[in-house]
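Work through the exercises below with the model open. Each task is followed by a solution in steps.

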Amino acid sequence: MTAPCWVIHLPTTLTSLDGAVILAAALRDSLDHVTAIDFGETTLSEEDRQFLRTRIWCDARLDGAGRCRRRDDHDGPCGTMAE
């Protein structure tokens with residue numbers, strides 16, 4: 001049996017989705033070397049509606065090059081460069 005993984009809930013004082021996305025991207029860019037964090041699975045939610053989550057990144061598997069780092073709703077092909 002595999003041990004369960006844990007999720008860290010990190011409340012902010014941000015009041016807009018765009019601001020939260022910018023912060024999530026900054027955290028991913030500065031902590032990307034920490035292998036215990038799965039930034040591809042990052043979601044955001046309003047404080048009082050945490051059951052409604054907004055996925056941030058596409059995270060689709062790429063041919064031998066990791067996972068897509070573009071926004072979840074991106075146009076065009078997947079890629080390793082963040083938007």
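**Exercise 1.** Classify Glu41 as buried, partly exposed or exposed, then find what its salt-bridge partner Arg55 ties together.

*Solution.* The model is predicted.
Step 1: Glu41 has 43% relative accessibility. Buried requires under 20% and exposed over 50%, so Glu41 is partly exposed.
Step 2: Glu41 forms a salt bridge with Arg55, and the closest N and O atoms are 3.5 Å apart.
Step 3: Place both residues. Glu41 sits in the loop between H1 and E1, and Arg55 in strand E2, so the pair ties together parts that are 14 residues apart in sequence.
Step 4: Check Arg55. Its relative accessible area is 30%, so Arg55 is partly exposed.

**Exercise 2.** Which part of the chain does Asp72 tie to strand E2?

*Solution.*
Step 1: Asp72 forms a salt bridge with Arg55, with 3.7 Å between the closest N and O atoms.
Step 2: Asp72 belongs to the segment after E2, so this pair joins parts 17 residues apart in sequence.
Step 3: Asp72 has a relative accessible area of 37% and is partly exposed.

**Exercise 3.** Is Asp59, in its salt bridge with Arg67, buried or exposed?

*Solution.*
Step 1: The N to O distance between the Asp59 and Arg67 side chains is 3.8 Å.
Step 2: Asp59 has 8% relative accessibility, so Asp59 is buried.
Step 3: Arg67, at 33%, is partly exposed.
Step 4: Widen the search. The whole structure holds 7 salt bridges. A network of them links Arg28, Asp29, Asp32 and Arg69.

**Exercise 4.** Which residues make up the largest nonpolar core, and which helix gives the largest share?

*Solution.*
Step 1: The core has 7 residues: Ala20, Val21, Ala24, Phe39, Leu44, Ile56 and Trp57.
Step 2: Helix H1 (residues 17-31) gives the largest share, 3 residues.
Step 3: Take Val21. Beyond neighbours within four places in sequence, Val21 is in contact with Leu44, Ile56 and Arg71.

**Exercise 5.** Describe the linings of the largest and second largest pockets.

*Solution.*
Step 1: The largest pocket holds about 1400 Å³ of space. Of its 34 lining residues, Ile8, His9, Leu10, Thr43 and Leu44 are closest to the centre.
Step 2: This lining divides into 19 nonpolar, 9 polar and 6 charged residues. H1 supplies the largest share, 6 residues.
Step 3: The second largest pocket holds about 280 Å³. Its lining has 16 residues, with Asp32, Phe39, Gly40, Asp59 and Arg69 nearest the centre.
Step 4: That lining divides into 6 nonpolar, 4 polar and 6 charged residues.

Technical notes: Residues are numbered from 1 along each chain as its sequence is written. This is a predicted model: local features need pLDDT of at least 70, side-chain atom pairs count only at pLDDT 80 or more; totals for chains, interfaces and linings use all residues. Side-chain values use heavy atoms; hydrogens and water are left out. A nonpolar core is a set of buried Ala, Val, Leu, Ile, Met, Phe, Trp, Tyr and Cys residues joined through side-chain atoms within 4.5 Å. Buried means under 20% relative accessible area, exposed over 50%, partly exposed in between (1.4 Å probe, protein chains only). Helices (H or I, at least four residues) and strands (E, at least two) are DSSP runs, numbered from the N terminus. Contact means heavy atoms within 4.5 Å. On a 1 Å grid over the protein atoms alone, a cavity is a set of points where a 1.4 Å probe fits but cannot get out, and a pocket is an open set with protein on both sides within 12 Å along at least five of seven lines; lining residues have an atom within 4 Å of a point. Grid points are joined across faces, edges and corners, and a volume is the space filled by probe spheres set on the points. Ala, Val, Leu, Ile, Met, Phe, Trp, Tyr, Cys and Pro count as nonpolar, Asp, Glu, Lys and Arg as charged, and the others, Gly among them, as polar. A salt bridge is a side-chain nitrogen of Lys or Arg within 4 Å of a carboxyl oxygen of Asp or Glu.
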